[in-house]
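Pull up the model and let's take a stroll through it. We'll begin with a helix and what packs against it, then wander over to a hairpin.

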Amino acid sequence: MNTKKHKKILIKLLTPHGWELHRESNHFVFCHKVTNRKLVTGKSTNSRRVYKVVMSGVRKHDAKYLPKNDNTNTEKRVG
């Protein structure tokens with residue numbers, strides 16, 4: 001999978017959860033808009049497992065740093 005497609009998929013997955021792309025040199029670095037925490041992922045990938053790992057990190061972040069009443073992002077989404 002090429003880097004542009006990987007970047008597009010990551011942005012599509014992370015934007016609804018409050019993450020925005022901060023920088024991209026050797027890695028993609030995303031910052032959360034509210035907590036300013038960083039999420040780092042590799043720029044190139046050989047497997048789709050990367051997306052599961054990233055979403056797991058997002059769910060753990062939401063559970064730990066966001067209030068319970070605003071924590072609607074931890075549910076599994078279908079589609």
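What covers the buried residues of H2? Keep in mind that you're looking at a predicted model. The cover includes helix H1 (3-14), strand S1 (19-24), S2 and S3.

Now find H2 itself, residues 49-65. The helix has 17 residues and reaches 24 Å from its first C-alpha to its last, close to the 24 Å expected at 1.5 Å a residue. Its buried residues are Tyr51, Val54, Met55, Val58, His61 and Asp62. Look down the axis of H2 and these buried residues fall within an arc of 115°, so they line one face of the helix. If that spacing along the chain looks familiar, here's the background: an α-helix has 3.6 residues a turn, so residues three or four places apart point the same way. Flip to the face of H2 turned away from the buried side and you'll meet the exposed residues Arg49, Lys52, Val53, Lys60 and Lys64.

Let's stop at one residue on the buried side. His61 has a relative accessible area of 6%, and since buried means under 20%, His61 counts as buried. Its side chain is joined to that of Asp62 by a polar contact of 3.1 Å. Which residues does His61 touch, leaving aside its neighbours within four places in sequence? They are Trp19, His32, Thr35, Arg37 and Leu66.

On to the hairpin, then. Strand S2 (residues 27-32) and S3 pair in the antiparallel sense over 5 bridges. One pairing to pick out is Phe30, whose bridge partner in S3 is Leu39. S3 runs over residues 38-42, with Leu39 and Thr41 on its covered face; Lys38, Val40 and Gly42 sit on the uncovered one. That every-other-residue pattern is worth a quick reminder: in a regular strand the side chains alternate between the two faces of the sheet.

Finally, zoom in on the turn of this hairpin, which has 5 residues between the strands. Asn36 is in that loop between S2 and S3. What is its backbone doing there? Asn36 takes a positive phi of about 60°, although it is not a glycine. And is Asn36 buried or exposed? Its relative accessible area is 52%, and the cut-off for exposed is over 50%, so Asn36 is exposed. Set it beside His61 for a contrast to finish on: Asn36 is exposed, whereas His61 is buried.

Notes: Residues are numbered from 1 along each chain as its sequence is written. This is a predicted model: local features need pLDDT of at least 70, side-chain atom pairs count only at pLDDT 80 or more; totals for chains, interfaces and linings use all residues. Side-chain values use heavy atoms; hydrogens and water are left out. Buried means under 20% relative accessible area, exposed over 50%, partly exposed in between (1.4 Å probe, protein chains only). Helices (H or I, at least four residues) and strands (E, at least two) are DSSP runs, numbered from the N terminus. Two strands pair if DSSP finds at least two bridges between them. A polar contact is a pair of N or O atoms within 3.5 Å; within protein, one must be able to donate a hydrogen and the other to accept it, and residues adjacent in sequence count only if both atoms are side-chain atoms. Contact means heavy atoms within 4.5 Å. The expected span of a helix is 1.5 Å times one less than its number of residues. The arc is that of the directions from the helix axis to the C-beta atoms.
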